[in-house]
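Biologist: Please take a close look at one part of this model, the largest nonpolar core. Which residues touch the most other members, and which elements give two or more residues to this core?

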Amino acid sequence: MANFLRLLLGIVLLPACWALLRSLLEAVCLSAGGEGAFSAETLSLLGGIAAFALCWMALAHPVKAYVLGHELTHAIWGLLFGAKPSRLKVGEDGGSVRLTKSNVLITLAPYFFPFYTFIVIIAALVTFAFLRPLPFLPLWMFLIGFTWAFHILFTLETLSLRQPDVKTYGRVFSWTFIFIVNIAIVLVWLASTSDLTFAGLFEILVKRFVSAYVGVYDIIAKSIKFIFK
């Protein structure tokens with residue numbers, strides 16, 4: 001029964017995925033500002049994303065580094081919910097960590113929580129505590145983009161395989177949940193670091209969500225009318 005309810009919830013969330021994707025595209029355009037040009041920091045972020053994408057295509061993938069981040073993410077989110085992690089194992093063929101409890105956030109955290117990006121941001125905040133303004137801001141943004149691309153590309157590759165984490169809560173629900181949280185994080189980031197305000201982001205989200213679900217309602221209503229006319 002629980003699996004069926006999660007499948008149903010995943011299907012209900014599909015229009016939300018479409019709404020968030022459209023919101024992201026609109027938010028990226030608005031984040032350029034009135035002059036229609038990105039700031040040096042934003043360009044550095046995009047440069048970091050492009051740099052890792054090139055490394056991904058040209059070099060061997062750092063699988064062990066990803067597995068380490070993946071298992072540590074399980075452990076960190078487990079600690080947040082009161083679980084005790086133990087027996088961390090990391091290898092080229094995969095890894096594992098034992099936890100005394102689990103839930104959907106602990107299980108799926110590695111697929112929406114960019115571990116190495118989080119490390120970079122913590123390092124930047126520590127540096128900022130001693131040095132103000134934060135020195136070498138474009139470099140920090142480059143590293144955030146680089147590690148964020150690391151997270152996104154490895155997540156896409158991992159989800160293309162059969163993952164026990166995803167199977168636990170069902171593919172449809174897990175994929176939609178992971179997609180929604182990843183896009184939401186990017187949207188919050190844009191609202192925090194660009195000309196896009198949280199008020200503006202909220203307006204975009206309301207507009208796109210209403211459009212998506214009204215569109216689905218219209219399709220269902222027309223289908224029922226066609227079948228039973």
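Modeller: What follows goes from the whole chain to that core. The model is predicted. Start with the fold. The chain holds 10 helices and 2 strands. From the N terminus, the order of elements is α-α-α-α-β-β-α-α-α-α-α-α. The C-alpha trace spans about 70 × 50 × 40 Å along its principal axes. Of the 229 residues in the chain, 36% are buried. Among contacts with a separation of 6 or more, 74% join residues 24 or more positions apart.

Now the core itself. The largest nonpolar core has 21 residues. Within this core, F52, W77, L108, Y111, F112, F154 and F177 touch the most other members. Six stretches give two or more residues each to this core: helix 3 (40-58), helix 4 (63-80), helix 5 (104-112), helix 7 (137-159), helix 8 (164-169) and helix 9 (171-193). Helix 5 gives the most, with 5 residues.

Take F154 as a close-up. Leaving out residues up to four places away in sequence, F154 touches F52, W56, H61, P62, V63 and Y66. F52 is also one of the residues that touch the most other members of the core. Apart from this core lies another, of 13 residues, including A16, L24, I180 and L190.

Last, the outside. The accessible surface of the chain is about 13800 Å², and carbon and sulfur atoms account for 73% of that surface. The chain carries 17 positive and 11 negative side chains. The centres of these two sets lie 14 Å apart.

Technical notes
Residues are numbered from 1 along each chain as its sequence is written. This is a predicted model: local features need pLDDT of at least 70, side-chain atom pairs count only at pLDDT 80 or more; totals for chains, interfaces and linings use all residues. Side-chain values use heavy atoms; hydrogens and water are left out. A nonpolar core is a set of buried Ala, Val, Leu, Ile, Met, Phe, Trp, Tyr and Cys residues joined through side-chain atoms within 4.5 Å. Buried means under 20% relative accessible area, exposed over 50%, partly exposed in between (1.4 Å probe, protein chains only). Helices (H or I, at least four residues) and strands (E, at least two) are DSSP runs, numbered from the N terminus. Contact means heavy atoms within 4.5 Å. Accessible areas come from the Shrake-Rupley method with a 1.4 Å probe; for residues, only the protein chains shown count as cover. Lys and Arg count as positive and Asp and Glu as negative; His and the chain ends are not counted. The place of a charge is taken as NZ of Lys, CZ of Arg, CG of Asp or CD of Glu.
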